[in-house]
Number of protein chains: 2
Amino acid sequence: MDLNPLLVESEAKILFVIADGLGGIDSGGRGTELEAARTPNLDQLARQGVTGLAYPVAPGITPGSGPGHLALFGYDPVEHNIGRGVLTALGIDVDLEPGDVAARGNFCTLDSHGQVVDRRAGRIDTGECTRLVEMLREIRLDDVEVYLEPVREHRFLLVLRSKKEALGAQLDNTDPQRTGAPPREPHARDESSQATASMVSEFLAQAREILAGEDPANMVLLRGFGQLPRLASLQESYGLSGCALAGYPMYRGISRLLGMKVMDCGPDLDSEIEALQAAWSHHDFLFLHFKDTDSRGEDGDFEGKVAAIEELDHAIPRMIELQPDVIVVTGDHSTPSAMASHSWHPVPVLISANTCRADGVEVFGETACAGGGLGHLPAKHLMTLALAHAGRLRKFGA
Amino acid sequence: MDLNPLLVESEAKILFVIADGLGGIDSGGRGTELEAARTPNLDQLARQGVTGLAYPVAPGITPGSGPGHLALFGYDPVEHNIGRGVLTALGIDVDLEPGDVAARGNFCTLDSHGQVVDRRAGRIDTGECTRLVEMLREIRLDDVEVYLEPVREHRFLLVLRSKKEALGAQLDNTDPQRTGAPPREPHARDESSQATASMVSEFLAQAREILAGEDPANMVLLRGFGQLPRLASLQESYGLSGCALAGYPMYRGISRLLGMKVMDCGPDLDSEIEALQAAWSHHDFLFLHFKDTDSRGEDGDFEGKVAAIEELDHAIPRMIELQPDVIVVTGDHSTPSAMASHSWHPVPVLISANTCRADGVEVFGETACAGGGLGHLPAKHLMTLALAHAGRLRKFGA
C-alpha cells in the first residue's frame with residue numbers, strides 16, 4: 001500500500017543490517033550456519049526484539065540479489081523486476097541513459113566442442129578481466145555504440161546504446177546456467193527485441209573470435225538484459241534520506257537506483273562500519289550490506305559461512321553504539337552452504353526497537369525464528385514495520 | 001506468479017499424498033484425529049522434513065473439494081472456480097462441450113409438505129440411482145438437449161446442451177443445504193443465465209411429477225452449476241507429466257481437467273498403490289487421493305477417521321519404496337468429525353525432501369505443524385515449494 005499519506009516527520013533512525021544469503025539449512029546435525037555460529041550480540045538483539053522468517057519473493061521462489069534487495073526496501077519484487085545488467089551498471093557508476101540496453105557479462109571457459117566447462121573462467125582476477133575487456137572494445141556493430149566495463153573478477157558490463165531506433169531488452173540469457181552445454185543463442189522474447197538479439201549475436205561472434213586464443217577465458221556469457229526502470233526513491237516512498245554502506249557494485253547499484261547516497265567504502269566490514277559512522281548523523285535510513293555470508297555459502301563452505309556470521313556478530317556492538325532507533329537484521333535470501341547456491345528457504349529476521357512485543361525467542365536462528373512474533377511474512381513488509389517502530393507512520397483511517 | 005520462465009528440466013519425481021479432509025479439531029481430550037492416530041511413518045517424514053499449516057482458500061473459508069484440490073495443484077481457487085457439475089462430468093467421462101451447463105444432482109426425500117427431510121434420500125444405492133435416472137431421461141425441454149447420468153449412490157449428473165443461443169451458468173444451488181426447508185427455486189445471478197434458470201425450473205417440475213410415487217427418492221436437488229473452464233495443464237504450468245491415482249469420480253475429473261493421466265483404479269488404497277507402482281516410471285508428478293479420511297469425518301466418526309489415517313500411515317512405506325524426490329502429505333481441507341462436515345481449519349502439511357530445513361517438529365499433527373518451518377501458508381504455494389525441492393526451478397531475477 002502507499003505509505004505516503006501515513007508518513008510522520010521524525011528524527012528516528014533506522015539501520016538495516018543485511019547479511020547477504022544469511023539463511024541456511026542444517027547440515028550434519030549442527031543446525032544451520034547461523035545456528036552453529038556463536039552470536040551473543042545477535043542473540044541479545046533477538047531476545048530484546050521480535051523475530052520471524054521472511055520470504056523475499058514467494059514460498060518456493062529462489063530470489064536473485066536484485067529482487068531480494070528490492071523486497072527488503074519495501075518494493076514488490078515481482079512488480080519491479082530489474083535486470084542484473086542495469087544493477088551492475090549503476091554499481092560501477094556507468095551513467096545509463098533511458099533506452100540503453102545493459103547486460104551482465106561473465107568470462108567463461110569453453111572446451112574444444114564449444115561446451116561451457118567453467119561458467120566463471122576460474123574466477124580470473126580483475127586485472128585479467130580488464131585486459132580482456134580492453135580487447136573486446138575493438139568490437140564494432142552497426143547502428144549501436146558498444147560500451148564495455150570490467151567489474152570484478154570474471155564479471156563485466158555490456159551496454160548497447162542505439163544510434164537509430166529504440167531497442168527492446170526482452171532477451172533471454174545466453175548463460176546456459178550449467179556446464180556441459182554450449183552458450184545459448186540470444187533469443188528475443190518480443191518483437192521489439194528482435195533487432196537487439198541480432199546485434200548481440202553479432203557481438204558474441206566477434207567476441208568468440210577475439211578470445212579464441214585466450215586461456216582460460218575464451219568466451220563470454222551474457223545475462224540480465226534490461227533497461228533503466230523508474231522506481232520511486234526512498235525519499236519519495238517513505239520520506240527517508242537513505243544511505244548505503246556496501247562495497248560490492250551490485251548493492252551500490254540498487255541503492256543508487258532508490259536514491260540512496262552511496263558511501264565510498266571497501267567491501268570489508270571494517271571499512272563499511274567506518275563509513276557508517278561517518279554517515280550516521282546525515283541520514284535517517286542506513287543500509288549496511290555484508291557480502292561474505294553469501295560468498296561462503298556459494299562456495300559450499302559451512303565453516304566459512306559460520307565464521308562470516310561470527311565476524312558480523314562481533315561488529316554489532318559498534319553499530320549499537322550509534323543508537324539506532326530501529327535495527328533490522330536479516331538477509332536478502334538464503335544461501336545454504338549445503339546447496340552452494342541461493343535458495344528459496346525463508347530468511348531469519350529480527351527487529352529490535354523500544355516498541356517490540358517480546359516473543360520469547362532467545363537466539364537468532366532459523367528454527368527459533370520460525371516461532372517468532374513476526375510469523376512468516378513477505379520481506380516487503382519489513383520496511384513498513386521498521387517505519388512503524390521508528391514512529392514514522394500515523395494510523396490508517398480514523 | 002508465472003513459473004514458466006523459471007522451469008528447469010529435471011527427472012525428479014514429486015508425490016502428492018492427499019488425505020481428503022485430513023485436518024480435524026480436538027475432541028474429548030485426545031487431540032485431533034491425526035493426533036490421536038498412531039502414525040509412525042508420517043511422524044518419521046515430518047521429522048526428516050518440514051511442516052506447516054496450509055489454508056486452501058483463505059482463513060475462515062471452508063473449501064469444497066474442487067477449490068481445495070485446485071489450490072493443492074497451485075491454481076488460485078478463487079480465480080479458477082469450477083462448478084461441481086463440471087467436475088462430476090469430467091469424473092465419469094462425460095464429454096462436455098464448451099457452453100454446456102453441468103450440474104450435480106442429488107436424489108432427496110421430501111415430506112408431505114414439500115420440505116426436505118433427507119438431502120441424500122438415505123444414500124440410495126447406485127442401482128436404484130440408475131433406475132431413477134432412467135426414468136428422468138423422459139424429460140424433454142424446449143431448445144436444449146438434456147443429458148442425465150447416474151454417478152454413485154444418490155448422486156447424478158445433469159447436462160443441458162443448447163440447440164440455439166448460448167446459455168449462462170450463473171445459477172444458485174436449489175439444494176437448501178439443510179433439512180426442514182423446501183428445495184429452492186433456481187435463481188439466476190446474471191442476465192445471461194435467466195433462460196437457463198427457466199429451463200431448470202421446468203426440468204425440476206417434470207422431475208417432481210415423475211418421482212412423486214417413489215420412496216425414499218421423491219425429488220432432486222441441484223448444485224454446482226457451471227461450464228467447462230479453460231485451465232492450463234500441469235505440463236503447461238510446470239512442465240510436469242502428471243498422473244492421478246484416485247478412485248472417486250470428482251478427483252479423477254479435476255485431474256483430467258489439469259491434463260493428468262488418470263489411472264484405472266478402485267477407490268481403495270491398495271488398488272491406488274498398485275496403480276501408483278505401475279505408473280511410477282512414466283510420470284514426474286503423482287497425485288494419490290485417499291478418500292476415507294473425509295468420508296469418516298463427514299460421518300462424524302472420530303474413531304473411523306483415526307482408523308483411516310492409520311491405514312494411510314501403514315501404506316506410506318510402500319510409497320517411500322518408490323523413492324520420490326519430494327513427498328508432500330496434506331489434505332484438500334479439514335473435515336473434523338466433531339463437525340461432521342468440511343471446515344475452514346488450516347490443514348497440516350509436511351514436505352519431505354533432501355533440501356528441507358529441519359524445523360524440530362517430531363510428529364505429524366495440527367498442534368506440532370502450527371510451529372513448523374513452513375509457517376501458515378496458502379495451499380497454492382505448496383506446488384511451488386515441491387518444484388523448488390525437486391530442483392525444478394531456477395532463481396528469479398539476477
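The residues that line the largest cavity of this predicted model divide into 12 nonpolar, eight polar and three charged. This lining comprises 23 residues in total, among which Leu53(A), Pro346(A), His376(A), Gly373(B) and Leu374(B) lie nearest the centre of the cavity. The space enclosed amounts to about 280 Å³, and the count of cavities of 30 Å³ or more comes to one. Both chains contribute secondary-structure elements to the lining: strand S2 (50-55) and helix H12 (366-369) of chain A, together with strand S13 (375-378) and helix H13 (382-389) of chain B, each supply at least two residues. The largest share, four residues, is provided by S13(B).

The contact between the two chains was examined next. In chain B, 25 residues are in contact with 32 residues of chain A, and the two chains bury about 2200 Å² between them, with 63% of this area on carbon and sulfur atoms. On the chain B side, the residues that lose the most area to chain A are Arg357(B), Phe396(B) and Ala398(B), which together account for 38% of what that side buries. The number of salt bridges between chain B and chain A is zero, whereas the structure holds 38 salt bridges over all chains.

One of these pairs joins the side chains of Glu97(A) and Arg161(A), with an N to O distance of 3.4 Å. This salt bridge links distant parts of the chain, since Glu97(A) is placed in the loop between helix H4 (84-91) and strand S3 (101-110) of chain A, while Arg161(A) belongs to strand S6 (residues 155-162) of chain A, 64 residues apart. In the domain assignment, chain A is divided into domain 1 (4-82 + 230-389) and domain 2 (97-226), and the centres of these two domains, taken over C-alpha atoms, are separated by 32 Å.

Features of the backbone were considered last. Most residues other than glycine have a negative phi, and most peptide bonds are trans. In chain A, the peptide bond from Asp215(A) to Pro216(A) is cis, with omega near 5°, and Pro216(A) lies in the loop between helix H6 (194-211) and strand S7 (219-226) of that chain. In chain B, the bond from Asp215(B) to Pro216(B) is likewise cis, with omega near 5°, and Pro216(B) is found in the loop between helix H6 (194-211) and strand S7 (219-226) of chain B. A positive phi, near 70°, occurs at Asp143(A), a residue other than glycine, and Asp143(A) is situated in the loop that runs between helix H5 (126-136) and strand S5 (144-152) of chain A.

Definitions and conventions: Residues numbered from 1 in each chain as written. Chains lettered and ligands numbered in written order. Predicted model: local features only at pLDDT ≥ 70, side-chain atom pairs only at ≥ 80, totals over all residues. Heavy atoms only, no water. 1 Å grid on protein atoms, 1.4 Å probe; cavity = no way out; pocket = protein on both sides within 12 Å on 5 of 7 lines; lining within 4 Å. Points joined across faces, edges and corners; volume = space filled by probe spheres on them. Nonpolar A, V, L, I, M, F, W, Y, C, P; charged D, E, K, R; others polar. Domains from an automatic or database assignment. Contact = heavy atoms within 4.5 Å. Buried area = accessible area lost by both parts, 1.4 Å probe. Salt bridge = Lys/Arg side-chain N within 4 Å of Asp/Glu carboxyl O.
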